Amino acid sequence: MKLIRQIEVYAPDYLGKLDVLLAGNKIIALEENITGGYSELEVEEISGEGKLLTPGFIDCHFHILGGGGEGGFQNRTPEVTLSQLTSAGVTTVVGCLGTDGEGRDMTALISKAKGLEAEGITTFVYEGSYRLPVKTVTDSIIKDFLTIDKIIGIGEIAVSDHRSSQPTFEEFARATADARVGGMLSGKAGIVNVHLGGGTRKLELLKKVVEETEIPISQFLPTHANRTQELLDACIEFAKNGGTIDFTASEDPDFWEKTDGEVRFSKALKQLLDAGVALDNFTMTSDGQGSLPYFDENNHFIGMGVGSAKSLLVGIKEAVQKENIPLEIALRAITTNPARILKLEGKGQIQVGNDADLCILDKETLTIDSVIAKGQIMVKEQEVKVWGTFEKTI
């Protein structure tokens, strides 16, 4: 059992200063002052002085096996490690494949997800890659949803991108329909995670499915919505019509804003809120382990970077500190919203009965102090306490 004393709780809604009691992997009490016959041997007490408590972060678009490869074999990025996620506050991650669905496949993706789960965090996956038709594990998308617990959606299916399979409307609609039915039969979200490229067609295929079939707009989660201002404008309109859009975070938003025309998360969120989009209709993800090509001021290639889950907190900080967006609103992007959209029961909200996935932040700087996943302290006072299997050798 663990008792976090007198900490300001953002659930993500602000609940005030409370005591929070954890038992095993669950939150069992939220009270102004918890008292009882607990000895020091029974309960580990954690001081909340000068700290904030938030739900553990949900990163619902992450290349856990590594990504990239478009520049050749040497550009394949490495797999993520446990501490790279937990030190960034991530306690739940959804893995996906990208451009490369051949050198990396679903068996490897599911195996990696199960490995991270065994090391202490919660994991799920999207089935497929950029290309259609989806390469399934069994003989159908629906059967995979029914038989493979980790699969909660399909994607990231690429549209409006030169790297996509240039899917027809019929291909795209059929895959979406199968994901929807598979989700319904298995009690999962059946979300279609859609990669939006830089092409002129933007969300054309998604809108056509909504207009010409019975599939609702809620079946889609288009990502990279802030790739350009023009794409962001189209995505905000999509969200105003009831869709959910996903922003891609960045560790270095100044660089990408200047060189690529990307709209940083904080500014994109401000535009979305000013447009009157519902607070439930956005998420933010890191696109972690994706390859990031860097260019100088003359557009000469200078090297490759790798996407990181640390970009999530960069986005939250900027939203609060630069755009004056309330913390409880910004946090929805990586807590309640992805948990609800993806039907992740017990995740994304601090309440009695939910999983003990928590982040403790410094009140002044919003930096991560400690991270708890399923009741286990993974990071304490900025020091990693639980490492992945091969991260530290004796």
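Reader: What share of the protein's contacts with a separation of 6 or more comes from residues 24 or more positions apart?

Author: Keep in mind that this is a predicted model. Take the contacts in the protein with a separation of 6 or more, then pick out those between residues 24 or more positions apart. That portion comes to 71%.

Reader: And what radius of gyration does the protein have, set against the compact globule rule?

Author: The C-alpha trace spans about 65 × 50 × 50 Å along its principal axes. For 394 residues, a compact globule would come out near 21 Å. The protein agrees with that, at 20 Å.

Reader: How much of the protein counts as buried?

Author: The cut-off here is a relative accessible area under 20%. The protein exposes about 16700 Å², with carbon and sulfur atoms supplying 48% of it. Of the 394 residues, the buried part is 57%.

Reader: Let's pick one helix. How far apart are the end C-alpha atoms of α2?

Author: The protein has 11 helices and 19 strands, and α2 covers residues 106-119. Its 14 residues, at 1.5 Å a residue, should span 20 Å. The end C-alpha atoms agree with that, sitting apart by 20 Å.

Reader: Which residue caps the N-terminal end of α2?

Author: Look for a side-chain oxygen that lies 3.3 Å from the backbone nitrogen of Thr-107. At the other side, just after α2, Gly-120 takes a positive phi of about 135 degrees. The N-terminal cap is Asp-105.

Reader: What covers the buried residues of α2?

Author: The residues to be covered are Met-106, Leu-109, Ile-110, Lys-112, Ala-113, Leu-116 and Glu-119. Their cover includes one helix, α1 (82-86). Also included are the strands β7 (90-95), β8 (122-127), β9 (151-159) and β18 (376-380).

Reader: Lys-114 is in α2 too. Which residue does Lys-114 form a salt bridge with?

Author: Lys-114 counts as partly exposed, at 43% relative accessibility. The closest N and O atoms of the salt bridge are 3.9 Å apart. The partner lies in the loop between α3 (141-147) and β9, so the pair ties together parts that are 35 residues apart in sequence. That partner is Asp-149.

Reader: How many residues apart are Lys-26 and Asp-355?

Author: The two side chains meet in a salt bridge, 2.5 Å from N to O. Lys-26 is in strand β3 (residues 26-31), while Asp-355 is in the loop between α11 (336-341) and β16 (358-362). The pair therefore links distant parts of the chain, and the separation is 329 residues.

Reader: Of that pair, is Asp-355 buried or exposed?

Author: Buried needs a relative accessible area under 20%. Lys-26 has 30%, so Lys-26 is partly exposed. Asp-355 has 12%, which means Asp-355 is buried.

Reader: Which residues are linked with Lys-26 in a network of salt bridges?

Author: The structure holds 24 salt bridges, and the one between Lys-26 and Asp-355 has come up already. The network takes in that pair and two further names. Linked with Lys-26 are Lys-347, Asp-355 and Asp-357.

Reader: One more: where is Arg-332, the partner of Asp-280?

Author: The closest N and O atoms of this salt bridge are 2.4 Å apart. Asp-280 counts as partly exposed at 31% relative accessibility, whereas Arg-332 is buried at 14%. Asp-280 is in the loop between α8 (265-274) and β13 (282-285), 52 residues from Arg-332. Arg-332 itself is in the loop between α10 (327-330) and α11.

Technical notes: Residues numbered from 1 in each chain as written. Predicted model: local features only at pLDDT ≥ 70, side-chain atom pairs only at ≥ 80, totals over all residues. Heavy atoms only, no water. Helix = DSSP H or I, 4+ residues; strand = E, 2+ residues; numbered from the N terminus. Expected span 1.5 Å × (residues − 1). Buried < 20%, exposed > 50% of the residue type's maximum accessible area, 1.4 Å probe, protein only. Contact = heavy atoms within 4.5 Å. Polar contact = N/O pair within 3.5 Å; in protein donor to acceptor, adjacent residues only side chain to side chain. Salt bridge = Lys/Arg side-chain N within 4 Å of Asp/Glu carboxyl O. Rg over C-alpha atoms; globule rule 2.2 N^0.38 Å. Areas by Shrake-Rupley, 256 points an atom, 1.4 Å probe, with all protein chains shown as cover.
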